[in-house]
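Subject: Structure handover

Hello,

Here is the structure I promised to pass on. My notes on it follow below.

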Amino acid sequence: MNATETTDVLIVGSGFGGSITAYHLAAGGAKVTVLERGPWLNSEEFDHDFKFGSSTTRVFDFVVGDGMSVLGGNCVGGGSVVYFATMPRAPRFVFERHGSIGRRMWPAAIDRDALEPWYDRVAEALPVTPTSWDEVPYIGGVFAAACKAAGHTANPSPSAVDTSLCTNCNWMMSGCRFDAKRSLLLNYLPAALSHGAEIRPLHEVQKITKLDTGDYRVHYNTIDEVDYRQQTGSGTIDAKIVILAAGTAATPVILQRSEPELGRMPHAVGRYFSGNGERLNTAVLEDDKVRELLGLSRDEANAYGAYQIGRGPVVASWDRLDGDLPEYERFSLEQLYFPPGFGTILAQVPDAKGPSWYGPEKKEMLRKWRSWLTVFTMSEDDNEGVFGPPPPTGNSERLSQQLLGFGSLRYRPTENTLRGWEVSDAAVRDILEHNGLARVMPWTNDVIGAYTVHPLASCRIGDDPETSALDDRHELRGHPGIFVTDGSAVPGALTVNPAFTIAALAERAVPGIVHALRERGVEVHYGAPAPDGGGAARRGTAAAVRTVLG
Amino acid sequence: MPETECPPSRNTVLEAFADTIIPGEKRHPDDRAVAGVSQGGGAVAAGAIDVLETPEGGMAPALDDLARMLDEHAVAYRAGCGLPEDREPFVGLGYDDRLALVGELLAPGHPEHAMWAGLAMFSFMAFDTGAHMHTADAIAAGHPGLATLGFAPPGEDGLWRFPAYSYGRPLADVHPDTDPTGSPV
């Protein structure tokens, strides 16, 4: 009874960092086990519903910290199930950033050119495709036209949405009912399963210990499928290699909890957290101005009034993604829809005489909700987030059955970060308040602090052991055989949506993990094609793979 | 605290708080919880108590304490302002005084900020999502919050689709440094 289970590779988390590595390693012949703390939903279970207990709360985690709150995926497929699938590559200057350490924060081995072929692999796999103007929803169109009227450029962003299937329902944060959003449930994960990988939902990893053999033992609790506060059991699995991909807000917490038995962690575990410099502004547009100034109309009655229609962010302005600008003053601006709840509470009333985020004036602002347009800033912060002591289980003390909990992350924005937000707020006003088109206010940080949907860097790669937890092959310093491949490995803010970069880094990390498995006597090959069998992008990474595997 | 003939129930206090967050019109002439400073239903009519009491939300075990603490804060508030003490503490405050007190509790740095922010957010969610009901049912029942937003109803199968969605033409110049994949260089 209770014979210890064993596997070659134990992967914690099934988002981009977990699914991509699971696929390649299983395809290469390794025995792969994935533990995912959230549930496993299929497309029929992705609800169009705000009710507590629908997929809207089942697949998300919202962890409130001290000065920073983090939204992340909590289900098989992780962030890919809840993301908006906007997939730009990070601009070249990002890889040269110094950030808070006064010297280049990325490993010398990685710049945009080096990452390009790995981006190509992900682009082939999901796939990621350019967006044409005739696929841009009204909200993106009105933002683009406002940018043009104010003298700015605007781009339809590349995305991982099959627009032929998309209904522009804007429920994609609750999971895509129509399989239009190319989540990992449609590519890497089924391919991993077909190669024998095992995925266990509702398994929340608590800690890692080390065996005398040099292998690792992973300790988990099983979680009730409705009330995530309830544990239904526990167990352990032994593995030669552990890949942590539990998400930026969870991976460092598992390592912190493991430290007493596993041994001292690198200094950067649970430090240097970045919120990707994120900031939101909400504009209330004047419909007659949209018609008069921008020459737009949906029909005779409406020029805009289409906040609810679309698929998250589709159009972005990249005028400030200019490497010649000073660090902390570079950012992208993306038009965005956030559903009610997430997207309404923190929005502030312009020129409020009373309270700005609640009260009578806020209710009047809500009456104009159809004319709202949210603008998402992704800027350069200072990696100023630090995780406190871990909670007893998981990565938060859960308040609600699902979704809401309180974590240990502490974030105090530096003057650099605040300056970036100030400059971007001004840019948003310049675009949208031009000629009285709209009134704009940033979201309040008085309720839950700052917030991010793209947490990064809490366990990051780098060349300097003092300021990076991982080497440039994503291996945890001082703990051979433990790799980290999720957003926590990204060194800092990217100024754009990070999913594509996280995924490209995970693809890039696989040959090094194959090497580590072979060193431990596991017969494993590298070289699987894209999940659908496509091999076009594989040629581009061949040279990089040879440097790792010979 | 002086006894009143009809001491406020816990829910009346919580309703008065929710009405401070998203105000509505009185449900009936004797409605004490709803101050009546706004046209149309507010958070209370939208189901604030139901949302707060859902087992899923996790707030239910705290509601007795929150209502009691709110009244304690109201007693101190009205004493500080020299307001009459012959009525229910929080419910007896006028809307502007409710707003002023709630503003103190929600201010960053208040030692109880997290719990009052939580109560405010759940009250808000009752209005703008109706999270205690299936959204399609809430819309069909005329949920006041979703109606205020103008949230479009679903199709017959309960799912949302917007066949008309685009202006359908280029509306800005793309950035000159865009690579062939559509990304910034």
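Let me start with a cysteine. A:C459 is buried, because its relative accessibility is 0%. A:C147 is buried as well, with a relative accessible area of 0%. Across all chains, the structure holds zero disulfides. Please keep in mind that this is a predicted model.

Chain A overall

Chain A has twelve helices and 19 strands. Its C-alpha atoms fill a box of roughly 70 × 50 × 45 Å along the principal axes. The radius of gyration is 22 Å. A compact globule of 550 residues would have one near 24 Å, so the value for chain A agrees with that. Buried residues account for 66% of the chain. Contacts reach far along the sequence: of those between residues at least 6 apart, 74% join residues at least 24 apart.

Helix α5

A:C147 brings us to helix α5 of chain A, where it is one of the buried residues. The helix runs over residues 138-149 and has twelve residues. From first C-alpha to last it reaches 16 Å, close to the 16 Å expected. How many of its residues are buried? Ten of the twelve, so to speak of α5(A) as mostly covered is fair. The buried stretch includes A:Y138, A:I139, A:G140 and A:F143. What do these buried residues pack against? Their partners in chain A are β10, α8 (287-294), β11 (315-317), β12 (332-336), β13 (372-378) and α10 (415-432). After the helix comes A:G151, with a positive phi near 85 degrees.

Aromatic rings

A search of the whole structure finds 25 aromatic pairs over all chains. One of them joins A:F273 and A:Y411. This pair is edge-to-face, with 6.3 Å from centre to centre and 85 degrees between the planes. It links distant parts of the chain, 138 residues apart. A:F273 lies in the loop between α7 (251-262) and β10 (278-285), while A:Y411 belongs to strand β16 (residues 403-411). Both A:F273 and A:Y411 are buried.

Ring pairs also build a cluster with members from chains A and B. From chain A come A:F50, A:W171, A:Y307, A:Y337, A:W369 and A:W372. From chain B come B:F151 and B:W160.

Charges over rings

Two arginines are worth a look. The charged end of A:R298 sits over the ring of A:Y138, 5.0 Å from its centre. A:Y138 is also among the buried residues of α5(A). The charged end of A:R460 sits over the ring of A:Y272, 4.1 Å from the ring centre.

Best wishes

How values were computed
Residues are numbered from 1 along each chain as its sequence is written. Chains are lettered from A and ligands numbered from 1 in the order in which they are written. This is a predicted model: local features need pLDDT of at least 70, side-chain atom pairs count only at pLDDT 80 or more; totals for chains, interfaces and linings use all residues. Side-chain values use heavy atoms; hydrogens and water are left out. Rings of Phe, Tyr and Trp (its six-membered ring) pair if their centres lie within 6.5 Å; planes under 30 degrees apart count as stacked, over 60 as edge-to-face and the rest as tilted. Helices (H or I, at least four residues) and strands (E, at least two) are DSSP runs, numbered from the N terminus. Buried means under 20% relative accessible area, exposed over 50%, partly exposed in between (1.4 Å probe, protein chains only). A charge sits over a ring if NZ of Lys or CZ of Arg is within 6 Å of the ring centre and within 35 degrees of the ring normal. A disulfide is a pair of cysteine sulfur atoms within 2.5 Å. The expected span of a helix is 1.5 Å times one less than its number of residues. Contact means heavy atoms within 4.5 Å. The radius of gyration is taken over C-alpha atoms; the globule rule is 2.2 Å times the number of residues to the power 0.38.
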